Amino acid sequence: MPVTQTVPTPERELKWVGKSIRRVEDPKFLTGRGGYVDDIVLPGMLHAAVLRSPHAHARIRRVDTEAARRLPGVVAVVTGAEAAELCNPMPDFGPAPDKHVWRCLAVDKVRHVGEGVAVVVAESRYLAEDARDLIEVDYEPLPAVVDPMAAMDPSAPLVHEALGSNVAYQRTFVFGDVERDFAEADLVVRDHLRWRRSGGQPLETVGAVADYDPATGMLTIHCNSLTFTHFLFMLAGTLKVPANRLDIRPTPAGGSFGSKFWAVKVAAIAGMLAKKLGRPVKLIEDRVDNLSNCDHHGSDRIYDLELAVMKDGTLRGIKFDVVDDYGAYIQFGTGTHGNSLAQCVGPYRIGSVQYAVRAVLTNKCQQGAHRGFGSEVTNWAIERMVDLAARELGMDPVEIRRRNFIRPDQFPYFIPSGNVYDSGNYEGVMNTALQLADYDHWRREQERLRREGRYIGIGVISCQERSVFSATEFWFWFDEPAAKVTSAPESVTLSVDPTGGITATLYSNAFWGNSSDTVVAQLVAEEFDVDPHSVNVVYSGSNRGLPATGPGGSRFTVMVAGAINGAATRIKEKARKVAGHVLEVDPEDLEWAGGGFRVKGAPERRLSLAEIALQTYLFKHSLPDEIETGLEASKVYDHPYTTMPSDDRTNLGVFYPFVGNACHVPVIEVDPETGAISYLRYVAVHDAGTMVNPRGLEGQIIGGTAHGIGTALFEEYVYDHDGQLLTTSYMDYLIPSAMEVPEVIVGHQETPSPFTVHGIKGGGEGGRMMTPAALSAAIDDALAPLGVRCTELPATPERIRRWIEEARARAGTR
Amino acid sequence: MKPPPFVYHAPSTIAEATALLHEAGEEGRVLAGGQSLIPLMNFRLARPGHLVDVTTVRALDYIRADDGQLRIGAAARQSAVERDQTAAARTPLLVEALHLVGHEPIRHRGTVVGSLAHADPSAEIPAVALAMGAELTAVGPRGERRIPASDFFTGPFSTALETGELLTEVSFPTWPPGTGHAFLEFARRHGDFAVAGAAALVHLEGEVVDRVAIALCGVAGTPVRATEAESRLLGERPTPAAIEAAAEAATSDLAPASDIHGSSAYRRQVARTYVRRALTLAVERARGGSR
Amino acid sequence: MMDRHRIALTVNGRPYEAEVESRRLLVDFLREDLGLKGAHIGCEHGVCGTCTVLMDGESIRSCITLAVQANGSSILTVEGLATDGRLHPLQEAFWDNQALQCGYCTPGMLLRAYELLREQPRPTAAQVREAIASNLCRCTGYQFIVEAVLDAATRLEAAAPSQGHEPAASRA
């Protein structure tokens, strides 16, 4: 059972890690030369457009493509049935993928509005859409199952007949002595909560340009999604090409927020078409494609919750009963609940957890990844219950949290589910947030403004942001998993050229906007004492690539830091030997300083990295025998701290160990007539361990907060009773503009992880993981005189207004 | 999301434009700013066979004041009217409403007349036209005719214009000096269509309202003129109670359509709030208060 | 039968003549026919603003503008902001303030900010925020963009007029 060593803190001061340098990747974006996937043009390239189902659930009786094929400029029209000859089903990490078969285009029936049924390839996208209009599909509509509670009924229409049920997975986990904690509690608070689905919705959709060379059998696909490269052999299997003839080449992504994490369907369709036609094919999702058919809708949960509490506010145990509406497919299984279980007690010393989960299938787009990957929902649920307990006990929400925080001397702290929180100082974070928020002042202001009849609210929440998932969270759901995958790598190759110039090669689509180039440049600069802007960061295609999981679960910086440290260590080992040989000293008598090796005690006897490199490239006969020409090293860095679950699953092991924490304090005003919210102040204090580029992290915190405001107040994929998607444009799916987002006052705390290089933890998802809980608390607080409680998100103005009316009706007032 | 094929025409005169529209018949649509039409075409929800560009008729690009009217030609852009000094002086209600129409890049292309012809029930400009008693000029096979705003909007996205007719101008009558105006709306985000919006014009004779107009958007299939509420306020002092009663009268009979941005009941209730707020602000301005 | 029209326009100070199908969107003309990839496609219905360019000095959404409607106009895209390889002060300010993360909204934001600062050389933070509300950003939460625009305003004020930070297109 591999357990990581703690990583010793470096003795010297860091020069580049911790500096808010301007980003190395910006010039191309600033000048319109970003190189996004739609910028790629290949000679002879064709354009594809997917025909999508207008029905939520229907058999496909007949697809008539005759008129479409005959349109001038059209090169091919491929139906789902034809695609099923050309391709195998999509790779699927869910339970029973043989019983709920997911294909790139629907064959016998469609299972959600927007599901693709055919694809046109033409000389231009315009012509492809013209031809698409001419395809006639004979559908036999079937009753749609839309409500997840109704979907569980045995008489409900089945999304997948072969599965025999719409419940794709259910299990109850018990961690710790739940029975005792609930029996001994002075009070059990209960609530029913609803979190509705929203999604990443980056401004750039998923796209691919595929190119097949029949002479070599090589299928090259340029794509803005390249993650889990070690699983790409499955995509090759889908495309019926040998795994060593598939090359996915990453392009910078115009945002992802999870939705480009293993977003392979567009690449599969483009690849299939390129292989069939022997010409390059470009397929870019348009916005309607992405809203309805992206395979990455977020969590869609119904909770029944119980929290066992003592009179003095001590939290004893928590029970989750959650129904999650996964849509028509379940590609990642219940991995999003793994994220929940990674931090299912929040920052508190809650001793026991019962977690009952039911994954239900309905006629909607399937879930995928959405910034937080399910843990942000659990954060919200936990904080809602803690606030409820505080209200029922008449305790201040700040006080109840203080009483229950895990203390700084208790780390590493193992939570009931088995995961570990590596380090933290939660009270410190909250104190900083309250101070930055001028909390006492706003409580006084609240009093004063309440007397004027205004509804001011202050939210105070403290939530975890786990980072760096292990592979186990995708299979510990089953007592007998199909594959107990334990690899979760990230890789880097560092190459020093004869002039000392350094190139860092990355192997996944690391760039989603998360400053991957800059972070890598800073880490490399730290290792080799060079200017970060001199480091060349390049991205390799998968075919000659090392295994790389990519960003997601806020894992990239931690993992690439480990990989860079590993590769740099190998380079320095080699360089040391060469330097020792050239300087004619024992390599152990050398020390690394000032960008080179020097003799301890005789610092004037030194060689720079460039001098060493030149030696290594040109003068083989002057090197020790075992030294090969060149100065390059790779490191495949695997997850540094994973432990296996127990057989009975009462302990899931360590699977998400680098856990940050944050406290958000919004001060809002609610307009009781409209339910509209305006901001008086917004403070966010985050602790994600050591920061590599503080300004960069701050930008992601503010962006994540804006994203969280969208989740909390504006965004939802709305389906009606017939499964029609009502949010099919950006006039209905509402992303906050600059006027809907306040200025965010950001504070930082750095409690390093003992287990990672430099003590870094992941911080990219944190903002969104906090804001829904924070705004819900602020809404409750603002409307406390009315007894309103926010139990559903998004808390749109109309919902808030309805809660006010219901509260007034309960109180008998108008 | 690319538009389907069509034939584009760039006439230079009104006569040319109307002839083209006449020839195109049911397949013909006028293209002004395109800020509403082209998105619909990109979604392929609109598929006109012919687009007749009215903005290439230079003679229609004007904003001018004469004899108590502000006349705006069909090619005049919303942002040009928004910045126009004469409009600011003569039709401040229109200018205030324009600030809420989408965002500036949309207003750089969109036209005032185009917004009227498009007749989106949630749009601001039609409500202003109704409140101010504007008049539209249409030119077509039957020649030229004037259509009062109160007759112009016939349903969601539907107007009294006949096939082959082109709107060439809208004229807004100037209200007397001392009129207080307000256009306020509730939208999900800054720049979005109104969930409910209210236009109010109030003129006082001493303490008493001697002229008032209230119109709403987002509450029905067309903009709505709240005549019942207006008659309640006429001749009365605009006290908070009177204003509240007017807001109630303006909205109690409304049955707005429900959609994901607002149920019928919610829209009605927001409309009532905004009629009250708009009237309150208009009265304050009429009394010489905030500008 | 495709309906095609000859158009003549200036883009970033250079004159172009082309024959385009009447339905061709301006954003596709710029990206595909002229090879200027800086204007991006995000929604194709005029909401997100990633396609923003300046037409005759005014910001517009090129995804809901036809190329034929640009006949006779002068267009400025992000590629026209830098002069002689030197970044415009707005671009420098965005860089220094980390006002971009994925970069997809950035060309549109730069042009919108360029327009704002020309109209309003000393905007307040609130004015900047309202002006950029026309352009969505999913990454930054807008704050560093506001800071960058205010920073650029200061730099532009401080720069001597003779240094000529006017991009080529606006001198045409």
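The following exchange goes through a predicted model, taking up a sheet in chain A, a helix in chain B, the nonpolar cores, the contact of chains A and B, and the domains of chain C.

Colleague: Which residue stands opposite Leu219(A) in the pairing of E9(A) and E10(A)?

Modeller: Strand E9 of chain A covers residues 207-213, and over 6 bridges it pairs with E10(A) in the antiparallel sense. Leu219(A) belongs to E10(A), and the residue facing it is Tyr212(A).

Colleague: In the hairpin of E9(A) and E10(A), which residue takes a positive phi?

Modeller: The hairpin has 4 residues between its strands. A positive phi near 75° is found there at Gly217(A).

Colleague: What is the bridge partner of His222(A) in E11(A)?

Modeller: E10(A) and strand E11 of chain A, residues 246-250, run parallel and are joined by 5 bridges. In E11(A), His222(A) is matched with Arg249(A).

Colleague: Which helix forms a β-α-β unit with E10(A) and E11(A)?

Modeller: E10(A), residues 218-223, is mostly covered, with 5 of its 6 residues buried. The β-α-β unit that includes this strand and E11(A) is right-handed, and its helix, residues 232-239 of chain A, is H7.

Colleague: Why is helix H8 of chain B described as largely enclosed by the rest of the structure?

Modeller: A residue counts as buried if 20 or more other C-beta atoms lie within 10 Å of its own. In H8(B) the buried residues include Glu124(B), Pro126(B) and Met132(B). H8(B), residues 124-132, is largely enclosed because the number of its residues that are buried is 9 of the 9.

Colleague: Which residue just after H8(B) takes a positive phi?

Modeller: H8(B) covers residues 124-132. Just after this helix, a positive phi of about 70° is taken by Gly133(B).

Colleague: Which helix gives the most to the largest nonpolar core?

Modeller: The largest nonpolar core has 350 residues, and Leu216(B), Val275(B) and Ala278(B) have the most contacts inside it. The element giving the most to this core does so with 13 residues; it spans residues 556-583 of chain A and is helix H16.

Colleague: How many residues does the second, separate core have?

Modeller: Among the residues touched by Val275(B), leaving out those up to four places away in sequence, are Ala198(B), Ile214(B), Leu216(B) and Thr251(B). The second core is separate and includes Ala76(A), Val209(A), Leu219(A) and Ala263(A); its number of residues is 69.

Colleague: Which helix gives the most to the side of chain A that touches chain B?

Modeller: The contact takes 21 residues from chain A and 13 from chain B. On the chain A side, helices H4 (125-134), H9 (287-293) and H20 (797-811) each supply at least two residues. The residues on this side divide into 8 nonpolar, 3 polar and 10 charged. With 4 residues, the helix giving the most is H4(A).

Colleague: Which strand gives the most to the side of domain 1 of chain C that touches domain 2 of chain C?

Modeller: Chain C is divided into domain 1 (4-79) and domain 2 (89-159), and their C-alpha centres lie 22 Å apart. In the contact, 14 residues of domain 1 of chain C meet 11 residues of domain 2 of chain C. Strands E3 (52-55) and E4 (58-61) of chain C each supply at least two residues of the domain 1 side. The strand that gives the most, with 3 residues, is E3(C).

How values were computed. Residues are numbered from 1 along each chain as its sequence is written. Chains are lettered from A and ligands numbered from 1 in the order in which they are written. This is a predicted model: local features need pLDDT of at least 70, side-chain atom pairs count only at pLDDT 80 or more; totals for chains, interfaces and linings use all residues. Domain bounds come from an automatic or database domain assignment. Two residues are in contact if their C-beta atoms, placed from the backbone, lie within 7 Å. A nonpolar core is a set of buried Ala, Val, Leu, Ile, Met, Phe, Trp, Tyr and Cys residues joined through C-beta atoms within 7 Å. A residue is buried if 20 or more other C-beta atoms lie within 10 Å of its own, exposed if 12 or fewer, and partly exposed in between; C-beta atoms are placed from the backbone. Two strands pair if DSSP finds at least two bridges between them. A crossover is right-handed if, with the strands pointing away from the viewer, the path from the first strand over the helix to the second runs clockwise. Ala, Val, Leu, Ile, Met, Phe, Trp, Tyr, Cys and Pro count as nonpolar, Asp, Glu, Lys and Arg as charged, and the others, Gly among them, as polar.
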